[in-house]
Amino acid sequence: MTQLTIRNISDHPRRGFATAEYTPGKKPLPDGALVARGPGGAEFPAQLDPHPHDAARRVLAVLVDRDVPAHGANPPVLTLQPGAAGLPGPWPRVEVEPTGFRLVNDRLNVWVNLGALNGEPWFAGAASSVQLSDDFFHRLEMLDAINAIWDWRHDPEKRLQLDRIRLWRAAWDPDPCLDVELFETPFRMGVSAEGPARATATLESEPFDYASRDPDGTPRRFRCTLYRTFSLYRDADFVHEHLYVRGVPEGKAGAGEVRLSFTARYFLYMGMGIRPLITHFADIPDWLAVSYPQHPLHGYGFATNVHADPIRNPHPGYPHPTHDHNSFSWELGAGNDVHCVHLFRCAPAGEMVEATGRAWYCHIYHPLTAELSL
Amino acid sequence: MPEQPPSSTGAPPSRQTSPPSSAIEPEVRKLAREAVAKLGVGQFIEDNLKQIRKKLEEFDEYVEQTSVKPGSEGEMTFLALGLPIAHGVIHVGSNRGALASATTWLEKELKAQSGRKRRVRNPDPTASLAVLVFIHAVDRCHEVYASTNPVAWGNILSRVKPLADEVTPADG
């Protein structure tokens with residue numbers, strides 16, 4: 001019997017999602033939908049998804065939609081069993097197509113390109129459509145909401161994109177860093193899965209080479225891949241993104257793999273008006289929110305477990321000055337296991353700020369944790 | 001009479017019959033036109049006139065069909081629904097430079113109007129620009145489409161009139 005202990009280390013009871021790596025043993029759980037049964041017969045949606053790069057491992061995800069006690073006290077112990085057919089739907093789903101993939105739940109419908117879009121090469125790995133459904137709107141295009149709400153011509157530039165990563169070298173290395181531009185190089189489709197808790201899909205970058213030197217001058221070379229795993233949980237109005245760079249030492253496949261430290265830069269082209277309301281606290285640089293103060297009050301929130309530099313609006317060097325107010329960019333701090341939340345909501349700016357800060361606290365800073373006992 | 005699309009140059013299309021006359025005073029129309037020109041959104045409005053007209057007629061129908069009291073409550077509801085269109089026109093059709101120069105222009109204009117004993121009730125230049133853009137958009141829709149739906153456009157003009165009065169000479 002496989003059990004899962006859910007802990008909430010925050011100061012307040014709350015609900016959320018948790019993940020744990022799982023290596024199948026002698027009586028492995030089946031891949032796909034699971035049900036996690038808790039105290040009092042409560043049932044929670046869970047699933048076993050493929051690992052982004054290791055076929056021998058799995059990732060267990062569970063959605064806990066009841067409050068978990070604070071301070072890690074009295075953690076609920078859930079029993080995992082196959083067969084989640086009794087859990088109510090609709091479940092989040094992923095639709096993989098030759099040019100990209102779509103994540104869908106009751107609230108969001110997100111399309112991510114592998115490479116070019118409409119013949120334009122710079123859409124690689126970009127979310128070029130994010131549609132929100134809520135109490136007032138049905139599939140409102142959040143990246144271009146002003147045009148969408150008034151039925152004007154859509155802006156084909158709209159996108160949310162990880163456009164570059166930078167791998168820093170040690171201080172003694174004569175070449176300080178390696179920049180890997182991502183916006184024009186198509187990503188490859190990795191694993192994907194769907195179930196009662198979430199829909200998830202992974203993008204893999206084209207492999208690239210990275211060389212560095214040890215303190216004694218010994219050269220090291222790695223064959224690297226950036227993995228980006230997107231997850232859309234049931235009922236969520238945010239997409240969780242997990243990033244890491246896997247480096248395999250040259251000539252030593254399967255041995256000495258490392259997760260290399262890197263920084264990332266996000267580029268956002270989103271119709272937020274000429275004077276968007278930006279909230280980004282210098283002392284809490286892990287999240288930021290951008291809002292449009294008029295109908296339909298659309299906003300974007302970003303949170304991460306590594307710091308984010310101040311957001312730039314317009315993005316420096318954006319080539320079209322008449323529309324540069326729609327361009328934003330921000331750099332992340334260094335990390336080798338980066339988690340981000342991309343939140344989309346129509347709400348007054350104050351509510352957007354609160355929702356983004358809360359998302360950071362609940363899903364990034366003090367997420368629920370899951371411990372497996374086999 | 002079949003609907004006629006606006007011309008691509010921004011000029012009203014030729015008509016078989018004369019449309020109902022605009023109730024917006026010439027001075028206000030001129031100010032609104034200047035604001036639109038400063039913001040550089042004239043062509044954007046012309047390109048999207050059909051969609052703007054559709055929304056405004058929808059809002060008018062909504063106000064007519066809901067239980068809001070006739071008079072100021074209906075006007076307020078209509079303006080609350082319609083003014084965000086003008087903000088959208090500015091934020092999509094204009095740019096940072098044009099908005100900055102239009103803001104400077106309007107501040108000077110409002111100051112000059114104050115000197116001439118005009119009412120200046122809205123000190124926020126962006127909101128005032130949106131009001132002027134809205135007046136211009138309504139005026140253009142009225143010019144082009146009033147003959148196709150004279151009742152609705154009569155309503156709409158009367159609903160916008162209080163807004164136009166905000167930039168009308170107090171002693172005029």
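## A strand with partners on both sides

Which strand pairs with β20(A) over 7 bridges, and in which sense? That partner is strand β12 of chain A, residues 159-168, and the pairing is antiparallel. Keep in mind that you're looking at a predicted model. To find the pair on screen, look for A:Leu160, which stands opposite A:Leu268 in β20(A). There's a second partner to find too: 5 bridges join β20(A) to strand β24 of chain A, residues 327-331, and these two run antiparallel. Here you can look for A:Tyr269, whose bridge partner in β24(A) is A:Ser327.

So is β20(A) buried or exposed? Strand β20 covers residues 263-269 of chain A, and 7 of its 7 residues are buried, so it is largely enclosed by the rest of the structure. In a regular strand, side chains alternate between the two faces of the sheet. You can follow the two directions in β20(A): A:Thr263, A:Arg265, A:Phe267 and A:Tyr269 point one way, while A:Ala264, A:Tyr266 and A:Leu268 point the other way. Both sets are buried.

## A seven-stranded open sheet

Chain A also has an open sheet of 7 strands, with antiparallel pairing. Going across, the order is β2-β5-β4-β3-β6-β1-β26. The edges are β2 (14-22) and β26 (369-373), and each of these pairs on one side only. From one strand to the next, the twist averages 30°.

Let's zoom in on one edge. β2(A) pairs with strand β5 of chain A, residues 58-68, in the antiparallel sense over 8 bridges. One spot to check is A:Tyr22, whose bridge partner in β5(A) is A:Arg58.

## Chain B, the helical one

Now for chain B, which has 7 helices and 0 strands. Of its 172 residues, 39% count as buried. Some of its contacts reach a long way along the sequence: among those between residues at least 6 apart, 78% join residues at least 24 apart.

How many residues of chain B are in contact with chain A? There are 13, and they touch 13 residues of chain A. On chain B's side, α3 (49-65), α4 (72-93) and α5 (96-115) each supply at least two residues. The largest share, 6 residues, comes from α4(B). Sorted by class, chain B's side has 4 nonpolar, 7 polar and 2 charged residues.

## The nonpolar core

In soluble globular proteins, nonpolar side chains tend to be buried together. In this model, the largest nonpolar core has 145 residues. The ones with the most contacts inside it are A:Val62, B:Val133 and B:Ile135. Helix α6 of chain B, residues 125-145, gives the largest share of this core, with 12 residues.

B:Ile135 is a good one to click on. Leaving aside neighbours within four places in sequence, B:Ile135 is in contact with B:Ile24, B:Val28, B:Ala32, B:Val160, B:Leu163 and B:Ala164.

## A histidine in a loop

Let's finish with A:His154, which sits in the loop between α1 (145-149) and β12 of chain A. Why does A:His154 count as partly exposed? Because A:His154 has 14 C-beta neighbours inside 10 Å, and a residue would need 20 or more to be buried, or 12 or fewer to be exposed.

If you skip neighbours within four places in sequence, A:His154 is in contact with A:Glu141, A:Asp144, A:Asn147 and A:Ala148. For a sense of distance, A:His154 and A:Val130 are 24 residues apart in sequence and 13 Å apart in space, C-alpha to C-alpha.

Technical notes: Residues numbered from 1 in each chain as written. Chains lettered and ligands numbered in written order. Predicted model: local features only at pLDDT ≥ 70, side-chain atom pairs only at ≥ 80, totals over all residues. Pairing = 2+ DSSP bridges. Helix = DSSP H or I, 4+ residues; strand = E, 2+ residues; numbered from the N terminus. Axes fitted to C-alpha atoms, helices over the stretch in contact; angles between N-to-C directions. Contact = placed C-beta atoms within 7 Å. Nonpolar A, V, L, I, M, F, W, Y, C, P; charged D, E, K, R; others polar. Core = buried A, V, L, I, M, F, W, Y, C linked by C-beta atoms within 7 Å.
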